[in-house]
Amino acid sequence: MGTVLALTGITGKSGSALAKRIGDNFSFIADMFPGGVRAIVRKNSKTDKLQRLIPVIDIIPSGLENADELKNAFQDVDTVVHVANIHYSINVIDAAAFANVRRVIFVHTTGVYSKFKAAGEEYRKIDEYVYQECKKHHILLTILRPTMIYGNCADRNISIFIHMVDRLPIMPVVNHAAYELQPVHYDDLGEAYYQVLIHEETTANREFNLSGKEPILLEDILIAIGDCLGKKVLFFNIPFWAAYFGAWMLFFLSLSYVDFREKVQRLCESRIFSYDDAVHAFDYSPRSFYDGIAGEVKEYINNKRRID
């Protein structure tokens, strides 16, 4: 039986937040996993920060798309925490099954709940495959589903809104931006991943949504960003039908090459999810968006000043 903890995606933002907690509690983790901690990272990844966070760690340069390399990386592994992209989950579970891994924790997405076909169908197929393989090979499974992740200028979510609010004199929105989102701070995710790891008895063979403290309208998200920037946000509303028609026109004019139709549909899809199960299972306690956004805007301003 394996005794190693294996981590993927650990050099990313929420992955680094998990690494910090592992490093801060390393004696406890070492008791859980006497074989040590192993990180599977891209071959060109910078690992200086990771080695500072977890000084005693075995780093394996391996592409998650390479099944044979993954099988070797998972030898002697007891538990895998897969924080990297959901699109690698099939390779990860295949390698875990081959190496007789006992437990896996997969970070997937609330996109699985989307009512729009392409957005949710692929995620549901990946989930189903993972479930089937875990059942077949008697692997304990936990699936975590974060909502929109923010908290860092590299998040590719809220950072885009920050840039737009800062640069545009008038903010274009669809349907008055009157739909609710529930962004989650990356550091809250790092804490959640760690708590799931150490609370196997309440989290094994379960799935949990990991969302922000409360739902918030996109309009209010943009206003909060403006407040942090010291800027009043003015809105220019585009009706949904006009935005969707424009996406269709672009689709036809590009000869089907540029397709934003479903993105426009999802833009107006409310994305709020209860995290009550996570509260009861491991005391999940995310921060409010209003408390979390200030740090990201401050980072944006500092980066902008360095460039200017």
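Buried residues are here those with under 20% relative accessible area. In this predicted model, helix α8 (residues 186-198) meets that description along much of its course: eleven of its 13 residues are buried, so the helix is largely enclosed by the rest of the structure. The buried positions are Tyr 186, Asp 188, Leu 189, Gly 190, Ala 192, Tyr 193, Tyr 194, Gln 195, Val 196, Leu 197 and Ile 198. The geometry of α8 agrees with expectation, because 13 residues at 1.5 Å a residue should span 18 Å and the end C-alpha atoms are 19 Å apart.

The largest nonpolar core comprises 35 residues, and Leu 5, Leu 18, Ile 29, Leu 210 and Phe 282 have the most contacts inside it. At least two residues of this core are supplied by each of β1 (4-8), α1, β2 (36-41), α3, β5 (103-107), α8, β11 (206-210) and α13 (276-282). Helix α8 provides the largest share, seven residues. Beyond its neighbours within four places in sequence, Leu 5 is in contact with Ile 22, Ile 29, Phe 33, Gly 36, Val 37, Arg 38, Thr 79, Val 81 and Leu 197. Another core, of 26 residues, lies apart from the largest one and has Ala 6, Ala 73, Ile 93 and Ile 143 among its members.

The second largest pocket has a volume of about 160 Å³. Its lining consists of Ile 10, Thr 11, Gly 12, Lys 13, Ser 16, Lys 46, Thr 47, Asp 48, Lys 49, Leu 50 and Leu 53. Helices α1 (13-24) and α3 (48-53) each contribute at least two of these residues, with the largest share, four residues, coming from α3. By character, the lining divides into three nonpolar, four polar and four charged residues.

Conventions. Residues numbered from 1 in each chain as written. Predicted model: local features only at pLDDT ≥ 70, side-chain atom pairs only at ≥ 80, totals over all residues. Heavy atoms only, no water. Expected span 1.5 Å × (residues − 1). Buried < 20%, exposed > 50% of the residue type's maximum accessible area, 1.4 Å probe, protein only. 1 Å grid on protein atoms, 1.4 Å probe; cavity = no way out; pocket = protein on both sides within 12 Å on 5 of 7 lines; lining within 4 Å. Points joined across faces, edges and corners; volume = space filled by probe spheres on them. Nonpolar A, V, L, I, M, F, W, Y, C, P; charged D, E, K, R; others polar. Core = buried A, V, L, I, M, F, W, Y, C linked by side-chain atoms within 4.5 Å. Contact = heavy atoms within 4.5 Å.
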